Amino acid sequence: MMREKLRFHYGWVIVVACLAFYAMPVGIIGNTAGIYATPVMDEFGWSRTEATLYMSIQQLVAAAVTPLAGKILARFNPRWVLTIITLIVGVSTAACVFFTEPWQWNLYGVAYGFCAGFILFLAVPTIINRWFVQRSGFAIGIASAGIGVFGALASPVTQMLISAYGWQVARLATSLSCMVVSAGLTALLLRPSPESMGVRPYGADESYGQPVPLEVSEKPIDAATPVARVGATVAQALRSPGLYLLMLVAGCFSMGAFFMQQVPSICAVGPLGAEVGAFAVSAIMMGTIAGKPLLGWLADRIGAVPTGMIAGFGGAIGVAIAFFSGSSAAMFFAGVAIYGLGYSSLSIVSPMLGSQGFGTAHFSEIYSYVCMAISIASAVGSFAFAFLYDVTGSFAVDFWLVIAIYLASALLCPVTVRLSRRCWAASSAAEDELRTSEAAV
């Protein structure tokens, strides 16, 4: 009877909650940050390094906060933790309209970085892995693709608001509207685990696709029989070179993704113009709308390694096309849209490489180290891209750097998973053999 009544698995509602606390703030606020750089520089006379230093600061703060965020999400109800985080993002972003000095923007970088430690890389794969045994890659892809939807809509709207009313009005309107919707949906929809609602994770048995009760009979729900999960311990992962190689690969994907923040400025100082830059960000977001579910679907079916290689080579090809586009807006749009495939790899390929390499038994603890590397790489990338432009007066070096980064990440994916699995596969096989022999005795 209970199976007949419960036809829709709440895990898909959790995906919607992930859109609220992750995709909306990152898509509407985080991914439009580059649009504000030029008008802020023009108003206050700052260099590009001064105007964008806060982006590096927020990534460094996120790297420092991530281990603490992992512990907080494990100990407290993520429903309320992430609701509070989205409120902080909205309020601190709105406060930027009153800033007139670089140090104030840098202070905002600290506040946003604290929140990013929770929502940017860690929360979605951690929560999805709790709710999904099957199709976790596709679920992460759907949640992450929302960034593309919100970013594609927000970028031209933000640019039009800046052109019509100034960057302060645009900042205030977008941040407050995002905050209200994001915090409201997070509080309404998010739940900590399937066990808290009395069901098994999606795909936990042959009836996946429907919510399977923990105990179908009229007896009290038994949450003492969780889904068996296998994988490396944290100690095993820390001793494995595969973890540090995964941190490097994820860092490469992160630096490549952060290049998107330079796209509006690339167009603004070149022959294409600021309006093309805003719509180019939308083209990238459109690429991620298709790319993230596609990469998640591929990772579920062919594995994270070939999926990561596809994403890395795709990112390099897209950036190369954009670089050689000259004054052709159509060619530039095509290039950055393909680059969106590489951009998508950060939120899809990196966690899937982690789960396929180290298993899911201690995923959140192990992946928190990878998140630290991602944030540090983002900080390095943000500073490096701006610094190289200030030194050379051109974005050409930035283009070549990103192409090389994507090619390196694609080639390193196979080695990463192979080394990661070595650290625990042998001991797991030995334990299975021991249990088999004991059972025979």
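The questions and answers below go through a predicted model and ask what stands behind the words used for its parts.

Q: What makes up the chain in terms of helices and strands, and how many of each are there?
A: The chain has 17 helices and 0 strands. Of its 441 residues, 57% count as buried, and buried here stands for a relative accessible area under 20%.

Q: Why is T83 called buried?
A: The relative accessibility of T83 is 10%, and the cut-off for buried is under 20%, so T83 counts as buried. This residue has its place in helix α5, and, leaving aside neighbours within four places in sequence, T83 is in contact with P78, A183, T186 and A187.

Q: What makes the approach of the T83 side chain to the backbone oxygen of R79 a polar contact?
A: The side chain of T83 reaches that backbone oxygen at 2.6 Å, whereas the limit for a polar contact is a pair of N or O atoms within 3.5 Å, so the distance satisfies the limit.

Q: How do you know that α11 is largely enclosed by the rest of the structure?
A: Of the 18 residues of α11, 14 are buried, and therefore the helix is largely enclosed by the rest of the structure. At the start of α11, a side-chain oxygen of S240 also comes to within 3.0 Å of the backbone nitrogen of G242.

Q: What is the span of α11 set against, and how many residues does the helix have?
A: Helix α11 covers residues 241-258, which is 18 residues, and reaches 26 Å from its first C-alpha to its last, close to the 26 Å expected at 1.5 Å a residue. Helix α9, with 23 residues (167-189), reaches 33 Å, close to the 33 Å expected for it.

Q: Which residues of α9 are buried, and what covers them?
A: The buried residues of α9 include W167, R171, C178, M179, A183, T186 and A187. What covers the buried residues of this helix includes α2 (11-29), α3 (33-44), α5 (78-94), α6 (102-119) and α8 (136-165).

Q: Why is L407 called partly exposed?
A: The relative accessibility of L407 is 36%, and partly exposed lies between the buried limit of 20% and the exposed limit of 50%, so L407 counts as partly exposed. L407 is found in helix α17.

Q: What makes L407 able to belong to a nonpolar patch, and which residues form that patch?
A: A patch takes residues with over 30% relative accessible area, and L407 has 36%. The patch on the surface is formed by F313, I317, I338, L407 and L411, with about 430 Å² of accessible area together. Helices α14 (304-323) and α17 (396-440) each supply at least two of its residues.

Q: What makes the phi of R135 worth a remark?
A: Most residues other than glycine have a negative phi. The phi of R135 is near 60 degrees, a positive value in a residue other than glycine. R135 is found in the loop between α7 (123-131) and α8, and at 29% relative accessibility R135 counts as partly exposed.

Q: Why is T392 called partly exposed, and not buried or exposed?
A: The relative accessible area of T392 is 42%, which falls between 20% and 50%, so T392 is partly exposed. T392 lies in helix α16 (residues 363-392), and its side chain reaches the backbone oxygen of S394 at 2.9 Å.

Methods:
Residues are numbered from 1 along each chain as its sequence is written. This is a predicted model: local features need pLDDT of at least 70, side-chain atom pairs count only at pLDDT 80 or more; totals for chains, interfaces and linings use all residues. Side-chain values use heavy atoms; hydrogens and water are left out. Helices (H or I, at least four residues) and strands (E, at least two) are DSSP runs, numbered from the N terminus. The expected span of a helix is 1.5 Å times one less than its number of residues. Buried means under 20% relative accessible area, exposed over 50%, partly exposed in between (1.4 Å probe, protein chains only). A polar contact is a pair of N or O atoms within 3.5 Å; within protein, one must be able to donate a hydrogen and the other to accept it, and residues adjacent in sequence count only if both atoms are side-chain atoms. Contact means heavy atoms within 4.5 Å. Patches are made of residues with over 30% relative accessible area and no salt bridge: like charges are joined within 9 Å, nonpolar side chains (Val, Leu, Ile, Met, Phe, Trp, Tyr) within 5 Å. Accessible areas come from the Shrake-Rupley method with a 1.4 Å probe; for residues, only the protein chains shown count as cover. A salt bridge is a side-chain nitrogen of Lys or Arg within 4 Å of a carboxyl oxygen of Asp or Glu.
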